Amino acid sequence: MCNLYSMNRSQDEIVAITRALYDRSGNTPPLPGVFPDYLAPIVRNAEGGERELVRARWGMPGPPQFGGHPITNIRNVTSQHWRRWLGVSSRCVVPWTSFCEYADTKPRKTPTWCALGEDRPLAFFAGLWTTWKGVRGTKKDPIEGEHQLFGFLTTDANTEVAPIHPKAMPVFLRTVEDIDIWMTAPVEEALELQRPLPDSSLAIVARGEKEDPPAGAAVAGDTQPRLL
């Protein structure tokens, strides 16, 4: 289960790839470590149908029968709990540059960071979002009120992820066309994207750290997701 990722590329790159008409995310700095309940950028469909870049809190409302705890990774989209958010108005894309799984080493698990390449190109997860009222944050610093929440879909692990986390990996939107399908297509067509990334598509780019900071300046002209 992916509970840590980084997003170290610019807002301009996100807007260019997703064709977001509005940037309502404020000044978003590099995010070398996005943990559950952190605010992070997503692109969603605005009320008029245009795309907008906003910030939301990572962790969708969980099923009440299991205590309603925040859910970061969404696998069983046939569940009645998730079906309410599968429509176009509740879909989003989540930009990222690397994601972390914990290898089961001793005496401690080892954070292992994966990306589409050593240069950590901008890429996107298939996500869902909603508005929710309640308390988020920590016991020490609770934040009560209305929150914009998101999570992203998972699927079976491919050959790079399976040795680290055999159960699942995030759902990747591999091309601009995939982004368009996820943001606009009927549910049945959109959910065909819930499939593993092709084998040999990922690189392990770091180990042992709980953050993956920017590796260097953004590659000039790199405003397309890595085609696979």
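Start by selecting arginine 84 and tryptophan 85: the charged end of the arginine sits over the ring of the tryptophan, 4.6 Å from its centre. Keep in mind throughout the tour that this is a predicted model. A second contact of this kind can be picked out by selecting arginine 136, which lies over the face of tryptophan 132 at 4.8 Å from the ring centre.

Turn next to the aromatic side chains, for which a search of the whole structure finds 14 pairs. Select Tyr5, Trp58, Trp96, Phe99, Phe125, Phe150, Phe152 and Phe172 together, and you have one aromatic cluster on display.

Now move to strand E9, residues 110–115, where five of the six residues are buried, leaving the strand mostly covered. Which strands pair with E9, and in what sense? On one hand there is strand E8, residues 98–103, which pairs with E9 in the antiparallel sense over five bridges, and a hairpin of six residues joins E8 to E9. To find the register here, select glutamate 101, whose bridge partner in E9 is threonine 112. There is also strand E14, residues 203–207, which pairs with E9 in the antiparallel sense over four bridges; here tryptophan 113 stands opposite alanine 206 in E14. As a reminder while you inspect these strands, side chains in a regular strand alternate between the two faces of the sheet.

Helix H3, residues 176–184, is the next selection, and its buried residues are Val176, Asp178, Ile179, Trp182 and Met183. Why do these residues count as lying on the same side of H3? They cover an arc of only 160° around the axis, and this places them on the same side of the helix. Colour Glu177 and Thr184 separately, since these two are exposed on the other side of H3. The spacing can be read against the general rule that an α-helix has 3.6 residues a turn, so residues three or four places apart point the same way.

Stay with aspartate 178 of H3, and add arginine 195, because their side chains meet in a salt bridge at 4.0 Å, N to O. Arginine 195 belongs to the loop between helix H4 (187–190) and E14, so the pair ties helix H3 to a part 17 residues apart in sequence. Aspartate 178 counts as buried at 8% relative accessibility, whereas arginine 195, at 29%, counts as partly exposed. Then show Arg19, Arg51 and Asp180, which are joined into one network by salt bridges that share partners.

How many salt bridges does a search of the whole structure find? The search gives 11. One of them to select next is that between aspartate 156 and arginine 75, whose closest N and O atoms are 2.4 Å apart. The aspartate lies in the loop between strands E11 (142–155) and E12 (169–170), and the arginine in the loop between strand E6 (73–74) and helix H2 (80–83), so parts that are 81 residues apart in sequence are tied together. Both ends are partly exposed, aspartate 156 at 41% relative accessibility and arginine 75 with a relative accessible area of 38%.

For the last stop, select arginine 120 and aspartate 212, which form a salt bridge with the closest N and O atoms 2.7 Å apart. Arginine 120 lies in the loop between E9 and strand E10 (123–137), and aspartate 212 in the segment after E14, so this pair ties together parts that are 92 residues apart in sequence. Are these two partners buried or exposed? Arginine 120 counts as buried at 10% relative accessibility, and aspartate 212 is buried too, at 3%.

Notes:
Residues are numbered from 1 along each chain as its sequence is written. This is a predicted model: local features need pLDDT of at least 70, side-chain atom pairs count only at pLDDT 80 or more; totals for chains, interfaces and linings use all residues. Side-chain values use heavy atoms; hydrogens and water are left out. Rings of Phe, Tyr and Trp (its six-membered ring) pair if their centres lie within 6.5 Å; planes under 30 degrees apart count as stacked, over 60 as edge-to-face and the rest as tilted. A charge sits over a ring if NZ of Lys or CZ of Arg is within 6 Å of the ring centre and within 35 degrees of the ring normal. Buried means under 20% relative accessible area, exposed over 50%, partly exposed in between (1.4 Å probe, protein chains only). Two strands pair if DSSP finds at least two bridges between them. The arc is that of the directions from the helix axis to the C-beta atoms.
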